[in-house]
Amino acid sequence: MTAADLSPQALALLLDEANHAPQESVQSALAGLDGVQHHRVGGLISHLTQTKRASWAAVAAATGTVPPPDDAGLRRLMAWEVEQARQLSPGQLCAELTYNGQDMTVAELLRLNARHSVWHAGQLAALAGRTGSA
């Protein structure tokens with residue numbers, strides 16, 4: 001799959017589903033955490049927030065777009081990234097960057113971001129005892 005295979009709208013939808021779908025998303029996993037006392041929950045939420053912020057900083061540097069807001073928590077950052085993905089042009093999706101020592105395109109990084117989000121949503125759901133929800 002190449003950067004040209006997915007439009008900005010398709011990548012935004014992918015991120016939106018990974019972040020906000022009623023089931024099997026970060027948001028659905030977070031909803032199941034009410035009252036859960038586990039030391040890993042805060043660490044996973046912080047990691048997701050930091051990783052999203054770092055990936056979007058790399059996208060901003062490669063595309064000349066705005067970086068993520070420094071004061072955004074995870075939920076606000078998830079909504080922000082969906083809107084940002086919608087605004088990218090097909091040419092910006094093909095822009096090359098290096099992220100964590102790997103060369104890739106903006107589109108590849110956004111797909112990685114979505115996979116990473118769902119991976120950790122599953123971990124959060126498991127900690128909440130809702131393995132069927134993420």
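Here's a quick tour of the helices and the packing between them. Keep in mind that this is a predicted model. A good place to start is helix H3 (residues 39–63), which is home to lysine 52. From there we can move on to helix H6, helix H4 and the nonpolar cores.

**Helix H3**
- H3 has 25 residues, which should span 36 Å at 1.5 Å a residue, and its end C-alpha atoms sit 37 Å apart, so the two agree.
- Plenty of H3 is tucked away: Val41, Leu44, Leu48, Thr49, Thr51, Lys52, Ser55, Trp56, Ala58, Val59, Ala60 and Thr63 are buried.
- Those buried residues pack against H1, H2, H4, helix H5 (90–93), E1 and H6.
- Just after H3 comes glycine 64, with a positive phi near 75°.

**Lysine 52**
- Lysine 52 has a relative accessible area of 2%, so it counts as buried, the cut-off being under 20%.
- Leaving aside residues up to four places away in sequence, lysine 52 touches Asn19, Leu74, Leu77, Met78, Glu81, Asn113 and Ser117.

**H3 meets H6**
- The axes of H3 and H6 come within 11 Å and cross at roughly 175°.
- Angles over 145 degrees count as roughly antiparallel, so that's the label for this pair.
- Sorted by class, the contact between H3 and H6 has 13 nonpolar, 9 polar and 2 charged residues.

**The nonpolar cores**
- The largest nonpolar core has 23 residues, and the members that touch the most others are Trp56, Val106 and Leu110.
- Helix H1 (8–20), H3, helix H4 (74–87), strand E1 (96–99) and helix H6 (106–127) each chip in at least two residues of this core.
- H6 gives the largest share of the core, with 5 residues.
- Apart from this core there's another, made of 14 residues, including Val26, Leu30, Leu33 and Met78.
- As a bit of background, nonpolar side chains tend to be buried together in soluble globular proteins.
- Back to tryptophan 56: not counting residues up to four places away in sequence, this residue touches Leu15, Pro68, Trp80, Glu81, Gln84, Ala85, Leu88, Leu110 and Asn113.

**Helix H4**
- H4 has 14 residues and reaches 20 Å from its first C-alpha to its last, close to the 20 Å expected at 1.5 Å a residue.
- The buried residues in H4 are Leu74, Leu77, Met78, Trp80, Glu81, Val82, Gln84 and Ala85.
- Their cover includes H1, helix H2 (26–31), H3 and H6.

Conventions. Residues are numbered from 1 along each chain as its sequence is written. This is a predicted model: local features need pLDDT of at least 70, side-chain atom pairs count only at pLDDT 80 or more; totals for chains, interfaces and linings use all residues. Side-chain values use heavy atoms; hydrogens and water are left out. Helices (H or I, at least four residues) and strands (E, at least two) are DSSP runs, numbered from the N terminus. Buried means under 20% relative accessible area, exposed over 50%, partly exposed in between (1.4 Å probe, protein chains only). Contact means heavy atoms within 4.5 Å. A nonpolar core is a set of buried Ala, Val, Leu, Ile, Met, Phe, Trp, Tyr and Cys residues joined through side-chain atoms within 4.5 Å. The expected span of a helix is 1.5 Å times one less than its number of residues. Axes are lines fitted to C-alpha atoms, for helices over the stretch in contact, and angles run from 0 to 180 degrees between N-to-C directions. Angles under 35 degrees count as roughly parallel, over 145 as roughly antiparallel, 65 to 115 as roughly perpendicular and the rest as oblique. Ala, Val, Leu, Ile, Met, Phe, Trp, Tyr, Cys and Pro count as nonpolar, Asp, Glu, Lys and Arg as charged, and the others, Gly among them, as polar.
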